[in-house]
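Trainee: I'd like to learn how to read packing and burial in a model like this one. Could you walk me through it?

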2 protein chains.
Amino acid sequence: MTLKSLVRNRSVFLYGASLAVLLMFLKVLEWRMLLISHAYELYAGAIAILFTGLGMWLAHKLTHPRPKTVIIEKEIFVKTDYFVFNHAEVARLRLSNRELEVLQLMGDGLSNLQIADRLFLSLNTIKTHSSKIFGKLEVQRRTQAVEKARKLSIIL
Amino acid sequence: MTLKSLVRNRSVFLYGASLAVLLMFLKVLEWRMLLISHAYELYAGAIAILFTGLGMWLAHKLTHPRPKTVIIEKEIFVKTDYFVFNHAEVARLRLSNRELEVLQLMGDGLSNLQIADRLFLSLNTIKTHSSKIFGKLEVQRRTQAVEKARKLSIIL
DNA sequence: TTAAAAATCACCCTAAAGTATGAGCCGGGT
DNA sequence: ACCCGGCTCATACTTTAGGGTGATTTTTAA
């Protein structure tokens, strides 16, 4: 066990140390506790609370470097003239991320069911999104939505 | 304390319940432990381990579940500044004039009925044209047809 | 802590789209 | 004259899309 690995797993060793210290502390308390008959509930409760907190802290420490990736789309550009995504229009129309995503797939000619499968969602969910999209774009059909979205440079 | 808040903080209450159950369990164990003199270390250790795990679980529950990473691969195709009508492709696909006309209107987001009215034709006729178009373009839906037609520079 | 917005899903119903088949009309070739 | 392709339309049927409503959960913002 090298010093390096000890440093690397600092949290774990810190936890071990804390545990040891607490156990010693409790061992000392034990004699006092014996004076109070039937106080085991308090004793157990104290340990429970302490170690619950310790566990939470440990969990937090160990899961700290979590990759909070919120990458939504990755586009592979083959070749294109310059397309400038119209954020302003999206904001004005109050289109959410999901809605934009669905709209994009619509533009690719996918059916609602296909979109649902692609996004691991229910068909009903896609229908709901579709309806909202149509409402916001003030159109009736998906073809019109795609047309308008293209004109507004919301989708490619 | 309303039922609503109880539901909202389900994790917390679940933790409370677990704690209660475990304490009861330990209370029962207590009598067995008493048989073994000087086994408090084991007792405390067991509680410590149990509640450490519980704490970690709780922490995991309470921390925000990481937003799932959705990666969409989207191919973007060529789209030149000025539109050059692709006669060759139309010929290759054996698309008739009418079919091309209908396809164009489809691309404008019109419904079959609207196309029918526009061209002074029956709805059934448009449906027939549509079917033929889909067959020739090897697609299933109008949105796909429009997509493909655009890619091939058959329509604007 | 609360409120609002976003996201998810369900159910029901209507409208539109799409499939399959058959048929009549018309104009240009051979 | 006859055939063929394009165009037109119909009937019947299946599938998909869309509208409306309501509910739950998650996320975000105030």
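Mentor: We'll go from the overall layout of one chain to a helix pair, and then to single residues. Keep in mind that this is a predicted model.

Trainee: Let's begin with the layout. How many helices and strands does chain A have?

Mentor: Chain A has 8 helices and 1 strand. Read from the N terminus, its elements go α-α-α-β-α-α-α-α-α. Chain A has 156 residues, and 37% of them count as buried. For contacts in chain A with a separation of 6 or more, 58% come from residues 24 or more positions apart.

Trainee: Now a helix pair. How should I describe one?

Mentor: For two packed helices, you give the angle between their axes and the distance between the axes. Try it on chain B, with helix α5 (residues 97-107) and helix α7 (residues 123-137): their axes come within 10 Å and cross at roughly 95°. That makes α5(B) roughly perpendicular to α7(B), since angles of 65 to 115 degrees get that label.

Trainee: Which residues of α5(B) and α7(B) meet there?

Mentor: On the α5(B) side you'll find Arg98(B), Glu99(B), Val102(B), Leu103(B) and Met106(B). They meet Ile126(B), His129(B), Ser130(B), Lys132(B), Ile133(B), Phe134(B), Lys136(B) and Leu137(B) of α7(B). Sorted by class, this contact has 7 nonpolar, 2 polar and 4 charged residues.

Trainee: Staying with α7(B), what span should its 15 residues have?

Mentor: Use 1.5 Å a residue, and the expected span of α7(B) is 21 Å. The end C-alpha atoms of α7(B) are 21 Å apart, which agrees.

Trainee: And which residues of α7(B) are buried?

Mentor: Check relative accessible area here; under 20% is buried. In α7(B) that picks out Ile126(B), His129(B), Ser130(B), Ile133(B), Phe134(B) and Leu137(B). Look down the axis of α7(B) and its buried residues fall within an arc of 135°, so they line one face of the helix. The face turned away from that buried side carries the exposed residues Asn124(B) and Gly135(B).

Trainee: What do the buried residues of α7(B) pack against?

Mentor: Their partners are α4 (87-93), α5, α6 (112-119) and α8 (142-151) of chain B.

Trainee: Let's follow that to α8(B). How many of its 10 residues are buried?

Mentor: The count is 8, so call α8(B) mostly covered, with under 20% relative accessible area as the cut-off. The buried set is Arg142(B), Thr143(B), Gln144(B), Ala145(B), Val146(B), Glu147(B), Ala149(B) and Arg150(B). Their packing partners come from both chains: α5 (97-107), α6 (112-119) and α8 (142-151) of chain A, together with α5, α6 and α7 of chain B.

Trainee: What about α5(A), one of those partners?

Mentor: α5(A) is mostly covered too, with 9 of its 11 residues buried. Among them are Leu100(A), Val102(A), Leu103(A), Leu105(A) and Met106(A). Just after α5(A), Gly109(A) takes a positive phi of about 85°.

Trainee: Which non-glycine residues with a positive phi should I look at?

Mentor: Take Arg94(B), which has a positive phi of about 60°. Arg94(B) sits in the loop between α4 and α5 of chain B and is exposed, with a relative accessible area of 61%. Then there's Ser153(B), just after α8(B), with a positive phi of about 55°. Ser153(B) is partly exposed, at a relative accessible area of 22%.

Trainee: Is Ser111(B) buried or exposed?

Mentor: Ser111(B) counts as buried, at 14% relative accessibility. You'll find Ser111(B) in the loop between α5 and α6 of chain B. Leaving out residues up to four places away in sequence, Ser111(B) touches Arg141(A) and Arg142(B).

Trainee: One more: what does Leu119(B) touch?

Mentor: With residues up to four places away in sequence left out, Leu119(B) touches Arg98(B), Glu101(B), Val102(B) and Leu105(B). Leu119(B) is in helix α6 of chain B and is buried, with a relative accessible area of 11%. Leu119(B) and Val102(B) are 17 residues apart along the chain, and their C-alpha atoms are separated by 8.8 Å.

Note on methods. Residues numbered from 1 in each chain as written. Chains lettered and ligands numbered in written order. Predicted model: local features only at pLDDT ≥ 70, side-chain atom pairs only at ≥ 80, totals over all residues. Heavy atoms only, no water. Axes fitted to C-alpha atoms, helices over the stretch in contact; angles between N-to-C directions. Helix = DSSP H or I, 4+ residues; strand = E, 2+ residues; numbered from the N terminus. Parallel < 35°, antiparallel > 145°, perpendicular 65-115°, else oblique. Contact = heavy atoms within 4.5 Å. Nonpolar A, V, L, I, M, F, W, Y, C, P; charged D, E, K, R; others polar. Expected span 1.5 Å × (residues − 1). Buried < 20%, exposed > 50% of the residue type's maximum accessible area, 1.4 Å probe, protein only. Arc of directions from axis to C-beta.
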